[in-house]
Amino acid sequence: MLENVYVLTALAAGFIACIAALIWMMHPGVPGAAKPRRYCPLCKSELAENETLKGLIVDTKPPQKILIRGCSKCAPASESGTW
Ligand SMILES: [Zn+2]
């Protein structure tokens, strides 16, 4: 009977540790869970959370290549396409 108590205690401790880890990971204030800051590779300005870069697909066959034209601040405005 004593072994059962030990096993149950170990299981309970593991369960509580799992829940605590989950809560810790989901907490928005945790630095590790914060979204990484993104920067335009061309002009180095910081991108908004959902801001996309403009690029041209120059090779449709794998490995696909994309020519990055810049962000909304530095990409040539004259170019149009399926950004
Ligand atoms: Zn840019």
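**View 1. One helix and two strands make up the fold of this chain.** This is a predicted model, and reading along the sequence gives the pattern α-β-β. The helix, α1, covers residues 2-26, while the strands are β1 at 54-59 and β2 at 65-70. Not much is tucked away here: of the 83 residues, 2% count as buried. As for contacts with a separation of 6 or more, 31% of them come from residues 24 or more positions apart.

**View 2. β1 and β2 come together as a hairpin.** Zoom in on the two strands and you'll find them paired in the antiparallel sense, with 5 bridges linking them. One of the pairings to look for is G55 with I68, its bridge partner in β2. Between the strands sit 5 residues. β2 itself is hardly covered, with a count of 0 buried residues among its 6. While you're looking at the strands, keep in mind that side chains in a regular strand alternate between the two faces of the sheet.

**View 3. The loop of the hairpin holds a cis peptide bond.** The bond in question joins P62 and P63, with omega at about -5 degrees. To get your bearings, P63 lies in the loop that runs between β1 and β2.

**View 4. K44 has a positive phi without being a glycine.** Its phi is near 65 degrees. You'll find K44 in the loop between α1 and β1. Is K44 buried or exposed? K44 counts as exposed, because it has 9 C-beta neighbours inside 10 Å and the exposed class takes in residues with 12 or fewer.

**View 5. Y39 touches several residues further along the chain.** Like K44, Y39 belongs to the loop between α1 and β1. Which residues does Y39 touch, leaving aside those up to four places away in sequence? They are K44, S45, E46 and L47, so the K44 from the previous view turns up again here as a contact of Y39. Even with these contacts, Y39 counts as exposed, with 12 C-beta neighbours inside 10 Å. That count still qualifies because the exposed class allows 12 or fewer. L53 makes a handy second landmark: the C-alpha atoms of Y39 and L53 are 9.8 Å apart, and the two residues are 14 residues apart along the chain.

Notes. Residues numbered from 1 in each chain as written. Predicted model: local features only at pLDDT ≥ 70, side-chain atom pairs only at ≥ 80, totals over all residues. Helix = DSSP H or I, 4+ residues; strand = E, 2+ residues; numbered from the N terminus. Buried ≥ 20, exposed ≤ 12 C-beta atoms within 10 Å, placed from the backbone. Contact = placed C-beta atoms within 7 Å. Pairing = 2+ DSSP bridges.
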